[in-house]
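I set out to record the fold, the aromatic contacts and the main pocket of this entry. My notes follow in the order in which I looked things up.

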Amino acid sequence: MGIIDRIAGTLDELAGDGDAGAREEIALAAGLIDRGDLADAEARLRAVATRFPKLGPAFFHLGRARALRGDLEDAVTAFGKAVDLDRDVPEAWAALGDALARLGRTEPARDALRHTLALATSAELRGRAHATLGRVHAEAGQLAKAVRDLRKALELLGDDAEVSLAYGRALARLGEPEADEWLTRSARRPEAPPSLFAEAAAATSDASLAEALLREGLARAPGDGILQAALARHLAHAGRAEEALTLALTSVGA
């Protein structure tokens with residue numbers, strides 16, 4: 001059952017047919033959020049939440065609107081109210097965990113995400129919860145836990161660009177040899193910044209592979225200063241001082 005179906009069911013149980021307008025207003029506001037009309041959606045949801053203060057879905061979507069416009073503190077307040085009212089809705093716990101993670105509140109975020117995993121049945125929602133947990137662990141320096149949760153996220157979500165990059169970075173921080181493979185895969189995505197090739201090169205102990213990766217990045221973006229500087233350092237460490245100096249001078253426009 002999706003979140004909209006849950007909302008409809010909750011409204012029917014708590015409000016009855018006489019409050020069908022509240023259900024319609026929440027569904028309309030959810031559509032406005034999806035279209036990016038956050039101000040109108042938030043105004044409508046505040047009105048519903050004021051009239052029906054025990055209606056969890058109103059607070060859930062109010063939190064969504066606030067999170068999307070970057071007001072994470074107020075989003076956490078709304079999501080917190082949503083889970084207090086409807087404690088068995090994993091989508092609300094997931095949204096709360098994500099907002100807390102973005103605020104750097106490690107332990108509350110973990111708690112919310114564990115609630116998500118205890119309740120969620122869909123692979124998508126479970127994967128997102130594991131991905132956020134992985135990010136929380138990584139930011140706390142718990143890299144083995146980060147790798148574990150990010151790996152679970154990839155198993156559930158498949159080839160997700162953001163999760164793959166986070167996984168590669170966590171592996172690199174642990175010094176795992178497969179980090180360069182994951183970072184290279186991320187760097188080669190069409191939408192990725194070419195500077196990711198510098199991260200992939202830094203993660204490998206193979207000097208020739210590192211140089212190849214840096215040159216591959218520069219072939220995509222010849223003027224990228226990060227890649228030029230990384231290749232100049234690489235050449236200098238390899239004893240190729242003249243090549244390094246030429247590249248360094250090129251990178252500063254000399």
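Burial. I call a residue buried when its relative accessible area is under 20%. By that cut-off F60 is buried, and F79 is buried as well. I note here that the model is a predicted one.

Overall form. I looked up the secondary structure and found 15 helices and zero strands. I then took the extent of the C-alpha trace, which spans about 80 × 35 × 25 Å along the principal axes. The radius of gyration is 23 Å, whereas a compact globule of 254 residues would have one near 18 Å. Of the 254 residues, 48% are buried.

Aromatic pairs. I searched the whole structure and obtained two aromatic pairs. One of them joins F60 and F79, whose ring centres are 6.1 Å apart with 50° between the planes, a tilted arrangement. F60 belongs to helix α4 and F79 to helix α5 (residues 72-85), so this pair ties together parts that lie 19 residues apart in sequence.

I turned next to Y167 and W182. Their ring centres are 4.8 Å apart and their planes stand at 90°, so I entered the pair as edge-to-face. Y167 sits in helix α10 and W182 in helix α11 (residues 179-187), so the contact ties together parts 15 residues apart in sequence. Are these two rings buried or exposed? Y167 is buried, with a relative accessible area of 5%, and W182 is buried too, at 17%.

Charges over rings. I also checked for charged side chains over ring faces. R185 lies over the face of W182, at 4.3 Å from the ring centre. K81 lies over the face of F59, at 5.9 Å from the ring centre.

Largest pocket. I recorded a volume of about 690 Å³ for the largest pocket. Its lining consists of 28 residues, and D98, R128, T132, R135 and E162 lie nearest the centre. The elements that contribute two or more residues to this lining are α4 (56-68), α6 (90-102), α8 (123-139) and α10 (161-174). Which element supplies the largest share of the lining? I found that α8 does, with nine residues. Sorted by class, the lining holds 16 nonpolar, three polar and nine charged residues.

Cross-reference. I close by noting two helices that recur in these entries. Helix α4 carries F60 of the tilted pair and also contributes to the pocket lining. Helix α10 carries Y167 of the edge-to-face pair and likewise contributes to that lining.

Note on methods: Residues are numbered from 1 along each chain as its sequence is written. This is a predicted model: local features need pLDDT of at least 70, side-chain atom pairs count only at pLDDT 80 or more; totals for chains, interfaces and linings use all residues. Side-chain values use heavy atoms; hydrogens and water are left out. On a 1 Å grid over the protein atoms alone, a cavity is a set of points where a 1.4 Å probe fits but cannot get out, and a pocket is an open set with protein on both sides within 12 Å along at least five of seven lines; lining residues have an atom within 4 Å of a point. Grid points are joined across faces, edges and corners, and a volume is the space filled by probe spheres set on the points. Helices (H or I, at least four residues) and strands (E, at least two) are DSSP runs, numbered from the N terminus. Ala, Val, Leu, Ile, Met, Phe, Trp, Tyr, Cys and Pro count as nonpolar, Asp, Glu, Lys and Arg as charged, and the others, Gly among them, as polar. Rings of Phe, Tyr and Trp (its six-membered ring) pair if their centres lie within 6.5 Å; planes under 30 degrees apart count as stacked, over 60 as edge-to-face and the rest as tilted. Buried means under 20% relative accessible area, exposed over 50%, partly exposed in between (1.4 Å probe, protein chains only). A charge sits over a ring if NZ of Lys or CZ of Arg is within 6 Å of the ring centre and within 35 degrees of the ring normal. The radius of gyration is taken over C-alpha atoms; the globule rule is 2.2 Å times the number of residues to the power 0.38.
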